[in-house]
Amino acid sequence: MMKVTMKPFSLPERLIAGKGRGRRRGSLMVEAAASVMMLAIAMTLTLKVVGWVALEHRATDRRQLAMTEAANLMERLTTTPYDELTPDRVKTIALSSETKASLPDPALHLEVNGDDASGGKGSKKISLRIQWRNRADGWDAPLRLTSWVYRSPTP
Amino acid sequence: MGRPLAIDKLGLSESYPMRVVRSQYGKSKKMLTSGRRRTRRGMTIIELLMLMSILAFVFGAAIVQMQLLMRLGHDGRARLDRAFAWERLGRQFRQDVHDATSAKPFDAGKDPSLRIESEGKPSTVIEYRFGKAEVVRTEAASGKKVASEAYALTGLIEARFEERVDSKQPFIVLVSKRKIAKVNDIPPRIEEIIAALRPPGNTENTSRKEATP
């Protein structure tokens with residue numbers, strides 16, 4: 001009978017208390033290191049995205065400033081008397097000091113074409129283009145605005 | 001011999017009759033399972049503390065990141081709203097000044113305003129007023145208020161109205177000063193909306209004609 005009672009203690013090792021104690025040690029640190037690494041990658045990506053968004057904001061801000069400036073210049077040009085609106089006259093027009101200070105290396109191109117084909121006889125086409133430099137020192141996409149003025153009918 | 005027991009998996013039932021095994025271990029299935037549970041090592045308090053601190057750090061960093069992204073989204077929306085409001089204000093302001101017979105800026109200390117009058121049927125009086133980070137336009141026809149619109153311009157510090165003359169042509173200018181960054185090192189930006197006013201004696205308004213060449 002004694003033999004019989006001893007037999008069940010030859011259980012597999014994994015079921016005996018204390019035998020596999022050392023196997024799990026250190027797993028927590030590996031898990032922690034993995035989670036911290038993943039978090040670091042996620043944070044790096046987020047910072048990159050923040051950087052891109054900031055660049056986009058700046059670009060949008062510059063474009064909006066250029067749009068306001070173009071609208072103001074066109075307002076002045078279109079109210080200039082028809083006969084005074086000449087290519088020589090528009091050469092004297094310059095960008096405002098605020099725009100010069102806010103846009104990197106801005107350039108203004110103004111053209112006045114009399115009796116233009118698109119406007120017909122007795123018209124003047126005013127073309128305005130504002131450009132500025134980007135980070136790579138190239139030109140950003142220019143902002144264009146075109147308007148036509150017509151000779152007032154003689155009473 | 002009846003249904004198989006967990007103890008059969010250990011090969012005990014083959015060597016010994018089930019009765020014997022049962023007499024040795026009683027409710028064998030339950031006992032062996034609980035015996036197996038006892039072999040698992042628990043976590044020490046140090047490990048638990050470490051785990052909790054790592055989880056706290058991970059959650060904290062995730063919350064900070066989420067806040068940053070939410071603020072980014074909020075800033076983007078605010079910029080977009082401001083850009084739309086500025087665009088609408090520009091169009092409306094020019095339209096009102098072009099149609100006006102007279103426009104008079106008032107600079108009453110911290111509350112500058114512009115009064116635009118146009119003769120017609122009915123005669124209208126439009127008033128632009130600088131409010132808290134906004135420009136408010138109020139329209140009255142025949143002495144009764146008919147419309148009021150607020151143009152919310154985020155970061156607006158000041159807005160005033162000026163009269164200018166360029167080559168005999170009078171202009172009304174809306175000058176706005178706005179904060180473009182949260183840091184104080186960057187100076188505020190001054191932006192203008194220029195609108196041509198009908199010169200005295202000219203009955204034709206300055207609105208640009210539709211492009212119908």
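A residue counts as buried if 20 or more other C-beta atoms lie within 10 Å of its own, and as exposed if there are 12 or fewer. Keep that cut-off handy for the exercises below, and remember that this is a predicted model.

**Exercise 1. Sizing up the two chains**

Work out what share of chain A and of chain B is buried, and lay out the elements of each.

Solution. Start with chain A: buried residues make up 13% of its 155 residues. In chain B, 18% of the 213 residues count as buried.

Next, go through the secondary structure. Chain A has four helices and three strands, and from the N terminus on they run α-α-α-α-β-β-β. Chain B comes to four helices and eight strands, in the pattern α-α-α-α-β-β-β-β-β-β-β-β along the sequence.

Finally, look at how far the contacts reach. Take the contacts between residues at least 6 apart in the sequence of chain A: 53% of them join residues at least 24 apart. For chain B, residues 24 or more positions apart account for 34% of the contacts with a separation of 6 or more.

**Exercise 2. How far to trust chain A**

Find which element of chain A has the lowest mean pLDDT and which has the highest.

Solution. The overall picture comes first: chain A averages a pLDDT of 82, and 81% of the residues score at least 70. Now go element by element. Helix α1 of chain A (residues 2–6) sits at the bottom with a mean of 48, while strand β2 of chain A (residues 123–131) is at the top with 94.

Then check the start of the chain. Over residues 1–11 of chain A, pLDDT stays under 50, and the model has nine contacts beyond four places in sequence for them. Residues 13–22 of chain A also stay under 50, with 11 such contacts. Where pLDDT is low, the predicted coordinates should not be read in detail.

**Exercise 3. Two open sheets**

Give the strand order of the three-stranded open sheet in chain A, then do likewise for the one in chain B.

Solution. In chain A the order is β1-β2-β3, with antiparallel pairing. Its edge strands are β1 (107–114) and β3 (143–150) of chain A, each pairing on one side only. The twist averages 15 degrees from one strand to the next. Zooming in, β1(A) and β2(A) pair over eight bridges, and A:Leu110 stands opposite A:Leu128 in β2(A).

Over in chain B, the order is β6-β7-β8, again antiparallel. Here β6 and β8 of chain B are the edges, and neighbouring strands are turned by 20 degrees against each other on average, direction ignored. β6(B) and β7(B) pair over 10 bridges, and B:Ala159 stands opposite B:Ser176 in β7(B). To finish, add the helix: α4(B) lies across β7 and β8 of chain B, at about 35 degrees to β8(B).

**Exercise 4. Into the core**

Identify the residues with the most contacts inside the largest nonpolar core, and the elements that give two or more residues to this core.

Solution. The core has 25 residues, and those with the most contacts inside it are B:Val97, B:Ala103, B:Val135, B:Ile172, B:Ala195 and B:Leu197. The elements giving two or more residues are α4 (45–99), β2 (111–118), β3 (124–131), β6 (156–166), β7 (169–178) and β8 (189–196) of chain B. Now pick out B:Ala103: setting aside neighbours within four places in sequence, B:Ala103 is in contact with B:Val97, B:Leu114, B:Ile116, B:Ile172 and B:Leu197.

**Exercise 5. Three loop residues**

Decide whether A:Thr80, B:Ser167 and A:Asp137 are buried or exposed.

Solution. A:Thr80 is in the loop between α2 (27–78) and α3 (87–90) of chain A. A:Thr80 counts as buried because it has 21 C-beta neighbours inside 10 Å. Its C-alpha atom is 9.5 Å from that of A:Val149, 69 residues away along the chain. Beyond four places in sequence, A:Thr80 is in contact with A:Leu85 and B:Ser167.

That leads to B:Ser167, in the loop between β6 and β7 of chain B. B:Ser167 has 10 C-beta neighbours inside 10 Å, so it counts as exposed. Its phi is positive, near 50 degrees.

Last comes A:Asp137, in the loop between β2 and β3 of chain A. With 8 other C-beta atoms within 10 Å, A:Asp137 is exposed. A:Asp137 has a positive phi too, of about 70 degrees, although it is not a glycine. Most residues other than glycine have a negative phi.

Notes: Residues are numbered from 1 along each chain as its sequence is written. Chains are lettered from A and ligands numbered from 1 in the order in which they are written. This is a predicted model: local features need pLDDT of at least 70, side-chain atom pairs count only at pLDDT 80 or more; totals for chains, interfaces and linings use all residues. pLDDT is the predictor's confidence in each residue, from 0 to 100. Two residues are in contact if their C-beta atoms, placed from the backbone, lie within 7 Å. A nonpolar core is a set of buried Ala, Val, Leu, Ile, Met, Phe, Trp, Tyr and Cys residues joined through C-beta atoms within 7 Å. Two strands pair if DSSP finds at least two bridges between them. Axes are lines fitted to C-alpha atoms, for helices over the stretch in contact, and angles run from 0 to 180 degrees between N-to-C directions.
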